[in-house]
Number of protein chains: 2
Amino acid sequence: MARRPTIKDIARRAGVSESAVSFALNDRPGVSDGTRARVRRVAEELGWHPNSAARALAGERSGAVGLVLARPAHTLGVESFFLQLVSGIQEVLSAGRTALLFQVVDDIDAECALYRRWWAERRVDGVLVVDPRTQDPRPELLARLGLPAVTVGGTGAPGPLSSVWADDARAMARVVDHLHGLGHRRITHIAGLPGLAHTARRIASLRVEAAARGLGPREVHSVVTDYSDAEGAAATRRVLAEPEPPTALVYDNDVMAVAGSAVAAELGIAVPGRLSIVAWDDSALCRVTHPRLTALVRDTAGFGRLAAEELLTVLAGGPPRTREGEQPRLEPRESTAPPPAAY
Amino acid sequence: MARRPTIKDIARRAGVSESAVSFALNDRPGVSDGTRARVRRVAEELGWHPNSAARALAGERSGAVGLVLARPAHTLGVESFFLQLVSGIQEVLSAGRTALLFQVVDDIDAECALYRRWWAERRVDGVLVVDPRTQDPRPELLARLGLPAVTVGGTGAPGPLSSVWADDARAMARVVDHLHGLGHRRITHIAGLPGLAHTARRIASLRVEAAARGLGPREVHSVVTDYSDAEGAAATRRVLAEPEPPTALVYDNDVMAVAGSAVAAELGIAVPGRLSIVAWDDSALCRVTHPRLTALVRDTAGFGRLAAEELLTVLAGGPPRTREGEQPRLEPRESTAPPPAAY
């Protein structure tokens, strides 16, 4: 079994004293530039790294940040959003040699308990808070604990924490523009979880955009689901069975859009001939189904990079602020066309 | 900002000395059972947790295990396998209050470098090694470092590390049984990454199963891809354009199977009338597409739980061993039927 290289090993190999090694590696005066360079080269050759526990105990950073996902494990299924977000976060953190502590818990109470424990244990230097809610106990808790944090995906409203957000209202305006421009007047929005801040924002925005075009809640409205393919399919069946069914459906994620598209195929409802479909989040899913789905394309990995950069800024002592992610663009594909009546 | 509760706070609130608190919390003799119980209750009330760095420095565990994923970020797209695996791992680790350090890197060299760093920094107590390869430098490296590890998803062959694995050979036998029983004699396997151990195992197993039924490599064979929807679709186009195209396709993951199904729809090739499709890994994807895909159903979260349990066993001093995950079962759905010639 290998032995971890120690300060003593470096001193012996570099031919200097142990205290010289310590000065050199801790960037303190007392050694020449030549010695400092030699000690560092030897340390690297030997694969030496400072003991993370010793550094943390000395009041330095733990070198890790946390991300908690409060969703039941089974709903994680085909949610590509999180893996892409995490890959973007990792890109930035890895460059700064910061580790990501990732934990899945059942609900927001467990998430709050975990923040308290991580804080008490000095386990992480800060956290990224995902799935902001309309009633959210987390920002206040984290501000009270003094645990640096960045909220990911809120509404851009100022709060006690820094946040990165995407403008869901403008994105919804683009979707309505596209569908209204094609001639659609009866649009149903199959929304995600009702307690999430961005769900509320999308629902409100749809209402505003519809009203601006003289359409009321009978023609244009939202129904909420849990983001799963099962609820997405069930909601699609329900709204397509209405006496005056919508001619266009807007889904809050890719999985539900694909599930809804399959329901239409089963019912013999042609897409886009009789029904247009828009997916909020683009993914490989939207591009591999037939017909290919018109979707809002976002740079989710880029959003993750922005969030991680902002957390590093907070850790460096920056004040709370909000930063907006790149605007999503609507990519029309095969699933949207004029409604039957307009042909 | 909140102040972390200290031993002193607990002593004051419980009305005992600081050393009594220390004895009580460290499970050492010197205090009565009543005092021990009271101290622990107060510690819990105050939200006290031991400083993770102090424990780690005292030679105790860091309380975290690591998982590195060496895949380019963009291929993480719709891979539901990993989120489900991680959710199962988390279930077991959370119960034991162990954190999961998760990192995405570009390639296996970066993964090895990270293991060396984590080991030198005493950052993790052990690691879960995923995506075992046919030529894999990781088991030897980890054994040499003495960093406890469990390989997840190998072939069950004994090695220097503990491993949990699934019997891909028997699973492939089930797939061939099903297709051959329906009358298929020309089967192409759209395999995943060629360097992975389980890809090699599936390819070899398909050859054995075909030979056992008197079929040679002209009728039954494998082509390799990178698991992405793009390569899955491209491979499908290629094999369907052959002079004697296969009547059945077996895909190594759900995403490629769905992509292949969309290619067939585009080409006007009826599934399952003219072409049968089997997906190796079931997911919501296979159930929401139309037609629903026949798939190998595995309990991926359960596999993650098994892996985490095995790592905890290794951390507790258990010897290297191999444990087999639950056998996958084939769930016939709408995408498999007898080939055209058999009608």
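Two parts of the chain are said to be in contact when heavy atoms of one lie within 4.5 Å of heavy atoms of the other. In the predicted model described here, helix α6 (residues 108–121) of chain A lies across three strands of chain A, namely β1 (64–70), β2 (99–105) and β3 (126–129), and runs at about 165° to β1(A).

These three strands belong to an open sheet of twelve strands with mixed pairing, in which the order is β11(A)-β5(A)-β4(A)-β3(A)-β1(A)-β2(A)-β2(B)-β1(B)-β3(B)-β4(B)-β5(B)-β11(B). The edges of the sheet are formed by β11 (322–324) of chain A and β11 (322–324) of chain B, each of which pairs on one side only. From one strand to the next, the twist averages 25°.

Within the part of the sheet contributed by chain A, strand β4 (residues 149–154) and strand β5 (residues 162–165) run parallel and are joined by four bridges. One residue of β4(A), A:Thr151, has A:Ser163 in β5(A) as its bridge partner. A:Ser163 has a relative accessible area of 7% and is therefore buried, since the term applies to values under 20%. Apart from residues up to four places away in sequence, A:Ser163 touches A:Val150, A:Thr151, A:Arg321, A:Thr322 and A:Arg323.

At the place where β2(A) is followed by β2(B) in the strand order, an aromatic pair is found, and the structure holds one such pair over all chains. The ring centres of A:Phe102 and B:Phe102 are 6.0 Å apart and the ring planes meet at 40°, so the pair is classed as tilted. Because A:Phe102 lies in strand β2 of chain A and B:Phe102 in strand β2 (residues 99–105) of chain B, the pair joins two chains. Both partners are buried, A:Phe102 with a relative accessible area of 4% and B:Phe102 with a relative accessible area of 5%.

The packing of two helices is described by the angle between their axes and the distance between the axes. In chain B, the axes of helix α2 (residues 18–25) and helix α3 (residues 33–46) come within 9 Å and cross at roughly 90°, and α2(B) and α3(B) are therefore roughly perpendicular to each other. The residues that make this contact are B:Val21, B:Phe23, B:Ala24 and B:Leu25 from α2(B), together with B:Arg36, B:Val39, B:Arg40 and B:Ala43 from α3(B). Sorted by class, the contact comprises six nonpolar residues, two charged residues and no polar ones.

Elsewhere in chain B, B:Leu145 is part of helix α7 (residues 138–145) and counts as buried at 6% relative accessibility. Although B:Leu145 and B:Ala120 are 25 residues apart in sequence, the C-alpha to C-alpha distance between them is 9.3 Å.

Some features of the backbone also deserve mention, given that most residues other than glycine have a negative phi and most peptide bonds are trans. The peptide bond from B:Val271 to B:Pro272 is cis, with omega near 10°, and B:Pro272 is placed in the loop between α11 (254–267) and β9 (276–279) of chain B. A cis peptide bond also leads from B:His290 to B:Pro291, with omega near 0°, and B:Pro291 is found in the loop between α12 (284–288) and β10 (294–297) of chain B. A positive phi of about 55° is found at B:Arg122, which is not a glycine, and likewise at B:Asp131, which is not a glycine either. B:Arg122, in the loop between α6 (108–121) and β3 (126–129) of chain B, is partly exposed with a relative accessible area of 35%, whereas B:Asp131, in the loop between β3 and α7 of chain B, is buried with a relative accessible area of 10%.

Notes: Residues are numbered from 1 along each chain as its sequence is written. Chains are lettered from A and ligands numbered from 1 in the order in which they are written. This is a predicted model: local features need pLDDT of at least 70, side-chain atom pairs count only at pLDDT 80 or more; totals for chains, interfaces and linings use all residues. Side-chain values use heavy atoms; hydrogens and water are left out. Two strands pair if DSSP finds at least two bridges between them. Axes are lines fitted to C-alpha atoms, for helices over the stretch in contact, and angles run from 0 to 180 degrees between N-to-C directions. Angles under 35 degrees count as roughly parallel, over 145 as roughly antiparallel, 65 to 115 as roughly perpendicular and the rest as oblique. Ala, Val, Leu, Ile, Met, Phe, Trp, Tyr, Cys and Pro count as nonpolar, Asp, Glu, Lys and Arg as charged, and the others, Gly among them, as polar. Buried means under 20% relative accessible area, exposed over 50%, partly exposed in between (1.4 Å probe, protein chains only). Rings of Phe, Tyr and Trp (its six-membered ring) pair if their centres lie within 6.5 Å; planes under 30 degrees apart count as stacked, over 60 as edge-to-face and the rest as tilted.
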